[in-house]
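Me: Could you walk me through a few local details of this protein? I would enjoy a friendly back-and-forth.

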Amino acid sequence: MRKALFNFWGILYHIWFYILVAVPILIALPFLILTTLSERTYRQFFWLARNIWAPFILYGMGCPPRISYEEKLLKHESYMLVANHTSMLDIMLMLRVSKNPFVFVGKKELVNIPLFGFFYKRVCIMVDREDSRSRMAVYRRAQKRLNQGLSICIFPEGGVPEESVVLDSFKEGAFRMSIAHQIRLVPITFLDNKKRLPFTWTKGRPGPLRVKIHSFIDTSVLKESDKKQLSQQVRQIFLQDLEEPGHAQIPQHIRT
């Protein structure tokens, strides 16, 4: 009986999440459409997503962010943001991490999500990992966005792994791109997203979302042949956080 109640709570919690995702989109629909008509208005779209949509969902789920920084992002700088991928909350939490506008690089399959997919295909860089031409097009689009002063965000696992997997193997795209465009790489560990809102519909609960922003990695001195070593370096940083008892103790200098 107790297990059935927990499962029922988990299902309700997930339904509540999708309600929170949809409500601000529907309310702000005219503004969102206007700010996605052109790349020139992307910064306005990002502001709406970061300051209204994301906090509405995170605080509505009872999941306040707790963000610690080993190094702060500088205004008007472009970065390659990389983080572990465990939950739908990752998108909203990443928006709260960076005040600097950035563009997600993600799978084209996400365009099929009702309502969310409508805007996703207009503001994100989509990639078909089975198509080499699509992967090459990502580099051109990323360079264009970097030239506009934006940052790029990629989840290097390439998707959400099985719930039992602490951290999946990495695709090399984010690291190759960071080296090719000579932008600093920012490793970001999401410590609690999996237990707050996993992809299993019968699980999930409110609580803080701890995030650790690691010291940036300078890629200007690296070559394309260094991408594998860079990938392994970042993966080890994540594993060190995720495998520590209690999921790594966050320093006191935190921001909500």
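Below are some questions and replies about strands, cysteines and backbone angles.

Me: Happy to start. What kind of model is this, and how are its residues numbered?

Reply: This is a predicted model, in which local features need pLDDT of at least 70, side-chain atom pairs count only at pLDDT 80 or more, and totals for chains, interfaces and linings use all residues. Side-chain values use heavy atoms, with hydrogens and water left out, and each chain is numbered along its sequence as written, starting from 1.

Me: How many residues of strand E6 are buried?

Reply: Strands (E, at least two residues) and helices (H or I, at least four) are DSSP runs numbered from the N terminus. Buried means under 20% relative accessible area, exposed over 50%, and partly exposed in between, using a 1.4 Å probe and protein chains only. Strand E6 covers residues 184-190 and is mostly covered, the buried count being six of its seven residues.

Me: Which residue of E6 is the bridge partner of valine 82?

Reply: Two strands pair if DSSP finds at least two bridges between them. Strand E2 (residues 79-83) runs parallel to E6, and five bridges join them. For valine 82, the bridge partner in E6 is proline 187.

Me: And in E7, which residue is the bridge partner of phenylalanine 190?

Reply: Strand E7 spans residues 209-213 and pairs with E6 in the antiparallel sense, over three bridges. In E7, phenylalanine 190 has as its bridge partner valine 211.

Me: Why is there no disulfide bond between cysteine 124 and cysteine 153, and how far apart are their sulfurs?

Reply: A disulfide is a pair of cysteine sulfur atoms within 2.5 Å, and by this rule the count is zero. Cysteine 124 is buried at 6% relative accessible area, and cysteine 153 is buried too, at 0%. The closest cysteine sulfur to that of cysteine 124 is in cysteine 153, but they do not bond because the distance is too far, at 9.4 Å.

Me: Which residue in the loop between strand E1 and E2 has a positive phi although it is not a glycine?

Reply: Most residues other than glycine have a negative phi. In the loop between E1 (65-69) and E2, one residue has a positive phi of about 70° without being a glycine. With a relative accessible area of 69%, this residue is exposed; its name is histidine 76.

Me: What is the phi of glutamine 182 near?

Reply: Glutamine 182 sits in the loop between helix H7 (173-181) and E6. At 51% relative accessibility, glutamine 182 counts as exposed. Its phi is positive, in a residue other than glycine, and lies near 50°.
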